[in-house]
Amino acid sequence: MIPGWLRATFGYLRRSHPVRLVAIPLVLGGALIAPGALHLGGGTGHGARDEGVVALTFDDGLNGDATLAVAKALEDHGGTGTFFVVGRTLEMQPEVARALVQRGHLLANHSADHETPSAFDPVYSTVAVAERQFETTIGRCPAFYRAPHGTYTAWSWLAIRRAGLRVVNWDVEVRDWDATDAKDLARRVLAGVEPGSIVLLHDGRDGHPGRDRTVLVQAMPMILEGLQARGLRPVRLDALLDTPGYLERCP
Ligand SMILES: [Zn+2]
């Protein structure tokens with residue numbers, strides 16, 4: 001039996017003016033590429049709310065000294081972080097990636113090139129390309145994926161799932177890339193955070209190494225001290241979500 005909504009759609013299309021026939025696929029296509037428009041199965045936005053842990057996640061690196069300074073701030077406060085790395089930067093700064101791993105932080109996949117997915121790209125190879133870049137650089141493949149600009153299509157969801165990765169989003173985001181005042185940035189992060197939060201910050205910008213992240217680096221000790229004061233410990237995503245941070249086998 002044909003569902004009512006499908007019958008109605010066909011009926012509408014048969015009666016439609018040609019302009020509508022063009023408009024409908026455009027609107028549906030737009031829904032596929034609109035940020036957050038399509039959550040096929042959804043991504044993870046936070047961990048358990050009843051434990052004193054949070055995850056600080058850093059997107060868009062590797063970014064040389066800025067990345068290492070963020071890591072150092074975490075270490076100085078007894079914390080660990082998760083870095084959603086743009087794959088192409090692994091080839092530019094492999095030593096930074098290896099230092100992060102060696103110092104106890106988790107690496108995650110933030111695509112190979114930081115391109116927004118196209119609704120007309122059914123392959124979405126960027127996930128697998130980045131996984132190979134991780135394998136070459138650190139010998140392991142991340143289990144967590146976050147799309148550039150948080151944008152997903154039906155195709156990209158399929159590619160992510162096929163590769164065996166899990167989408168992890170966030171519940172605290174304060175446009176840190178625009179921040180000009182470290183104290184204010186720290187205050188806004190701490191205002192939004194609660195037990196189990198996944199905080200989105202940026203140690204880089206769009207996967208272009210060399211971007212100035214001084215404000216974030218200055219804010220890090222304030223954020224970490226604020227968390228400490230509230231009894232919240234920053235842990236890696238695999239600890240927060242209690243699931244492996246790397247795949248057993250690379251895809
Ligand atoms: Zn990004």
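The exercises below, each with a worked solution, concern a predicted model of a protein with a zinc ion.

**Exercise 1. The zinc site**

Identify the protein donors of the zinc ion, give their spacing along the chain, and determine whether the two histidines are buried or exposed.

Solution.
- Step 1. Three residues supply the protein donors: Asp60 through OD, and His110 and His114 each through NE2. Their distances from the zinc ion run from 2.0 to 2.1 Å.
- Step 2. Along the chain, these donors follow the pattern D-x49-H-x3-H.
- Step 3. A residue counts as buried under 20% relative accessible area. His110 has a value of 1% and is therefore buried. His114, at 7%, is therefore buried as well.

**Exercise 2. Ser111, between the two histidines**

Locate Ser111 in the secondary structure, classify its accessibility, and list its contacts beyond four places in sequence.

Solution.
- Step 1. Ser111 belongs to the loop that connects strand S3 (106–109) with helix H6 (126–138).
- Step 2. Its relative accessibility is 0%, so Ser111 is buried.
- Step 3. With neighbours within four places in sequence set aside, Ser111 contacts Val85, Val86, Gly87, Thr126, Ala130, Tyr145, Arg146 and Pro148.

**Exercise 3. Val54 and its distant partners**

Determine where Val54 lies, whether it is buried or exposed, and how far it is from Val235 in sequence and in space.

Solution.
- Step 1. Val54 is part of strand S1, which covers residues 53–59.
- Step 2. The relative accessibility of Val54 is 0%, hence the residue is buried.
- Step 3. Val54 and Val235 are separated by 181 residues in sequence, yet their C-alpha atoms are 6.1 Å apart.
- Step 4. Val235 is also among the residues that Val54 touches beyond four places in sequence; others include Val193, Pro195, Leu227, Leu232 and Leu240.
- Step 5. For the protein as a whole, 80% of the contacts between residues at least 6 apart in sequence join residues at least 24 apart.

**Exercise 4. The largest pocket**

State the volume of the largest pocket and describe its lining by residue and by class.

Solution.
- Step 1. The largest pocket holds about 240 Å³ of space.
- Step 2. Its lining comprises 16 residues, and those nearest the centre are Asp60, His149, Trp177, Leu200 and His202. Asp60 is also one of the zinc donors.
- Step 3. By class, the lining divides into five nonpolar, five polar and six charged residues.

**Exercise 5. The whole protein**

Summarise the secondary structure, burial and exposed surface of the protein.

Solution.
- Step 1. The protein contains 10 helices and eight strands.
- Step 2. Of its 251 residues, 48% are buried.
- Step 3. The exposed area is about 12,100 Å², with 56% supplied by carbon and sulfur atoms.

Terms used. Residues are numbered from 1 along each chain as its sequence is written. This is a predicted model: local features need pLDDT of at least 70, side-chain atom pairs count only at pLDDT 80 or more; totals for chains, interfaces and linings use all residues. Side-chain values use heavy atoms; hydrogens and water are left out. Donors are N, O and S atoms within 2.8 Å of the metal (3.2 Å for Na, K and Ca); water is not among the atoms, so sites may look incomplete. Buried means under 20% relative accessible area, exposed over 50%, partly exposed in between (1.4 Å probe, protein chains only). Contact means heavy atoms within 4.5 Å. Accessible areas come from the Shrake-Rupley method with a 1.4 Å probe; for residues, only the protein chains shown count as cover. On a 1 Å grid over the protein atoms alone, a cavity is a set of points where a 1.4 Å probe fits but cannot get out, and a pocket is an open set with protein on both sides within 12 Å along at least five of seven lines; lining residues have an atom within 4 Å of a point. Grid points are joined across faces, edges and corners, and a volume is the space filled by probe spheres set on the points. Ala, Val, Leu, Ile, Met, Phe, Trp, Tyr, Cys and Pro count as nonpolar, Asp, Glu, Lys and Arg as charged, and the others, Gly among them, as polar.
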